[in-house]
Amino acid sequence: MPRTVDHQARRLQIADAVHRIIDAKGMDSVSLREVAAEAGMSMGAVQYYFATKDEMLLVALEHLNARIRLRVAAAGQGSPLDLLRVGLLEVLPLDETRRFEARIGLAFLARSVVSEELARLFQAGLPYVVGFYADQIRAAQAAGEVAAELDADQEGRVLFALAQGLGQPTLIGHYTPEAAVAAVDYHLARLAPRPPLTARP
């Protein structure tokens, strides 16, 4: 009886190999031959799924993004502000898993400057991330956790910029993970409703 092949699992196995090569040797070292060796597969098996390096890179970037989304979804308990905090912290290099992902993400970002396909993938993902932050702001406003007068869409953009601005300095050691978390918490605390001013007697 012929063995059933899980094609999606094979594609993700290849994507994981791409991630490891990028982390260890850099983006320029990714090739069909290198990926086949890293994944423990034949060149023919890799070429069955991907005809070119760019095809592999696109799937590897999508897989990287999916890993982060799954972790955020798995932590979906608690208030909207709790989920917003998780969504911010999961993209910061606070432990080895997230440092690994951040190094790979930076390599993809650098390549996207000269790759229209990768640039389009980044462009397509941006509204999702900013929209997620904005949606949590709106839900937190409805729950009374965030000031009602704030513009949720603008806050979503600011939070994206905050995460991006903390990511690289934390990755290279300019900020400690604890300092990055403290900066996130400091900003989120500033979103809370302000008590009304009391009139002076």
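How many residues does helix α6 have, and how far does the helix reach from its first C-alpha to its last? The legends below take up this question and others for a predicted model.

**Figure 1. Overall view of the predicted model, a protein of nine helices and zero strands.** From the N terminus on, the elements run α-α-α-α-α-α-α-α-α, and the C-alpha atoms fill a box of roughly 85 × 40 × 30 Å when this is taken along the principal axes. Of the 201 residues in the protein, 39% are buried. Among contacts with a separation of 6 or more, 65% are accounted for by residues 24 or more positions apart. The protein exposes about 11600 Å², and carbon and sulfur atoms supply 56% of that area.

**Figure 2. Close-up of helix α6, residues 96-112.** The helix has 17 residues and reaches 24 Å from its first C-alpha to its last, close to the 24 Å expected at 1.5 Å a residue. At the N-terminal end of α6, D95 acts as a cap, with a side-chain oxygen that lies 3.3 Å from the backbone nitrogen of T97. The buried residues of α6 are R98, F100, E101, A102, I104, G105, A107, F108 and S112, and what covers them includes α1 (7-25), α4 (53-74), α5 (80-89), α7 (116-142) and α8 (152-171). A salt bridge joins E96 to R103, with the closest N and O atoms 3.0 Å apart; R103 counts as partly exposed, at 28% relative accessibility.

**Figure 3. Close-up of I104 in helix α6.** At 0% relative accessibility, I104 falls under the 20% cut-off and therefore counts as buried. Not counting residues up to four places away in sequence, I104 touches H19, I22, D23 and L64. I104 and I21 are 83 residues apart in sequence, whereas their C-alpha atoms are 9.5 Å apart in space.

**Figure 4. Close-up of helix α1 and the elements that cover its buried residues.** The 19 residues of α1 should span 27 Å at 1.5 Å a residue, and the end C-alpha atoms of the helix are indeed 27 Å apart. At the start of α1, a side-chain oxygen of D6 reaches to within 3.3 Å of the backbone nitrogen of Q8, while the residue that follows the helix is G26, whose phi is positive, near 100°. The buried residues of α1 are I14, A15, A17, V18, H19, I21 and I22, and their cover includes α2, α3, α4 and α6.

**Figure 5. Close-up of the largest nonpolar core, which has 30 residues.** Within this core, I14, V18, I22, V30, V35, M56 and F108 touch the most other members. At least two residues of the core are supplied by each of α1, α2 (32-39), α3 (43-49), α4, α6 and α7, and the largest share, seven residues, comes from α4. Apart from this core lies another, of 21 residues, which include L81, L88, A152 and L166. Leaving aside its neighbours within four places in sequence, V30 is in contact with V18, I21, I22, V35, K53, M56 and L57.

**Figure 6. Close-up of the salt bridge between R71 and E90.** Side chains of opposite charge can pair when their charged atoms come close. The count of salt bridges in the model comes to 13. In the pair formed by R71 and E90, the closest N and O atoms are 2.6 Å apart. This pair links distant parts of the chain, since R71 lies in helix α4 and E90 in the loop between α5 and α6, 19 residues apart. R71 is partly exposed, with a relative accessible area of 23%, whereas E90 is buried, with a relative accessible area of 16%.

**Figure 7. Close-up of the salt bridge between D153 and R138, with a further view of a salt-bridge network.** The side chains of D153 and R138 meet at 3.2 Å, N to O. Here too the pair links distant parts of the chain, with D153 in helix α8 and R138 in helix α7, 15 residues apart. D153 is partly exposed, with a relative accessible area of 37%, and R138 is likewise partly exposed, with a relative accessible area of 36%. In the further view, salt bridges that share partners join R67, R71, E90 and E101 into one network.

How values were computed:
Residues are numbered from 1 along each chain as its sequence is written. This is a predicted model: local features need pLDDT of at least 70, side-chain atom pairs count only at pLDDT 80 or more; totals for chains, interfaces and linings use all residues. Side-chain values use heavy atoms; hydrogens and water are left out. Helices (H or I, at least four residues) and strands (E, at least two) are DSSP runs, numbered from the N terminus. The expected span of a helix is 1.5 Å times one less than its number of residues. Buried means under 20% relative accessible area, exposed over 50%, partly exposed in between (1.4 Å probe, protein chains only). Contact means heavy atoms within 4.5 Å. A polar contact is a pair of N or O atoms within 3.5 Å; within protein, one must be able to donate a hydrogen and the other to accept it, and residues adjacent in sequence count only if both atoms are side-chain atoms. A nonpolar core is a set of buried Ala, Val, Leu, Ile, Met, Phe, Trp, Tyr and Cys residues joined through side-chain atoms within 4.5 Å. Accessible areas come from the Shrake-Rupley method with a 1.4 Å probe; for residues, only the protein chains shown count as cover. A salt bridge is a side-chain nitrogen of Lys or Arg within 4 Å of a carboxyl oxygen of Asp or Glu.
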